[in-house]
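Hi there,

Here is the structure I promised to pass along. Have a look at it first, and then read on for what turned up.

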Amino acid sequence: MDITIGRDGATSGLSITTGQNTSVVGAPQSVPLSVSRKHCTITINNDGTMRIKNINPQNVTYVNGTKVMSMAINRGDRIELGQERYLLDWNTVNAGLPKVADIRPLRQVWENYTNNNKEITQSTQRFQVLRSLVPLLTMAAVLIGYISGGRGEVFYILYGLVLILTIFFSRKAWKDIGNNDEQREKIKDQFTHDYCCPECGYFFGFTDYNILTRNMDYCPKCKTKLQK
């Protein structure tokens, strides 16, 4: 992560920029004019190591009293900016950094949502396949009735089976209409509750998790950096 530090042009407070997020901290007129608007960057690597680097050669930066252009630093180092040696307070820097929210658990939320909806769809499709047997049995009963002249044990068995299945499937179809709608609504409600920014609760919408992590680095509402 790169942190750009400088003097805010409007207030002369300390400007701290990470990605698309810029914060102005400290009192107005507290940063001297010798600190440029984009004075230096502090790079924080994944292993926690840090390096400070002047953005322009004419910028003046001191680390523990030594004038530097680029240098590895620690949080305990004394960093001063500009000819007046404006002291960079680490607490002030931390206050200007965006919060970080881990959204990796949302992958499971998305998978549960898609799998639950898929299961309802597949269950409906399986029911329709079974229901399609009724016309076949009806045709078989009609054929046997035609051959036997409307008599015969097989004819009555098939005819009775068709009648029973027709009633069963009709009742189940009527019941499933309400049940499936209710189940889908519950799945949707749970999803809209869980698929949100951990920091502010902003709903990320019905966007595939892989697309979400590819296109979004910060929460649109609270500007929290998203850990993916």
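Helices and strands here are DSSP runs, with at least four residues for a helix and at least two for a strand, numbered from the N terminus. Counted that way, the protein has 5 helices and 12 strands. Please keep in mind that this is a predicted model.

First, the overall picture. The protein has 228 residues, and 35% of them count as buried. Its accessible surface is about 14200 Å², with 54% of that belonging to carbon and sulfur atoms. Among contacts with a separation of 6 or more, 44% are between residues 24 or more positions apart.

Now to one of the sheets. Four strands form an open, antiparallel sheet in the order β7-β6-β9-β10. Because β7 (66-68) and β10 (86-88) are at the edges and have a single partner strand each, one side of each has no neighbour in the sheet. On average, neighbouring strands in this sheet are turned by 35° against each other, direction ignored. Inside it, β6 (residues 61-63) pairs with β9 (residues 79-81) over 3 bridges, and Thr 61 has Leu 81 of β9 as its bridge partner.

Leu 81 also leads us to the interior. The largest nonpolar core holds 21 residues, and Leu 81 is one of those with the most contacts inside it, as are Ile 5 and Leu 88. β4 gives the most to this core, with 3 residues. Leu 81 touches Ile 5, Tyr 86 and Leu 88, among others. Apart from this core lies another of 16 residues, including Ile 103, Val 109, Cys 197 and Leu 226.

Enjoy exploring!

Best wishes

Terms used:
Residues numbered from 1 in each chain as written. Predicted model: local features only at pLDDT ≥ 70, side-chain atom pairs only at ≥ 80, totals over all residues. Heavy atoms only, no water. Buried < 20%, exposed > 50% of the residue type's maximum accessible area, 1.4 Å probe, protein only. Contact = heavy atoms within 4.5 Å. Areas by Shrake-Rupley, 256 points an atom, 1.4 Å probe, with all protein chains shown as cover. Pairing = 2+ DSSP bridges. Axes fitted to C-alpha atoms, helices over the stretch in contact; angles between N-to-C directions. Core = buried A, V, L, I, M, F, W, Y, C linked by side-chain atoms within 4.5 Å. Lists of a residue's contacts leave out its neighbours within four places in sequence.
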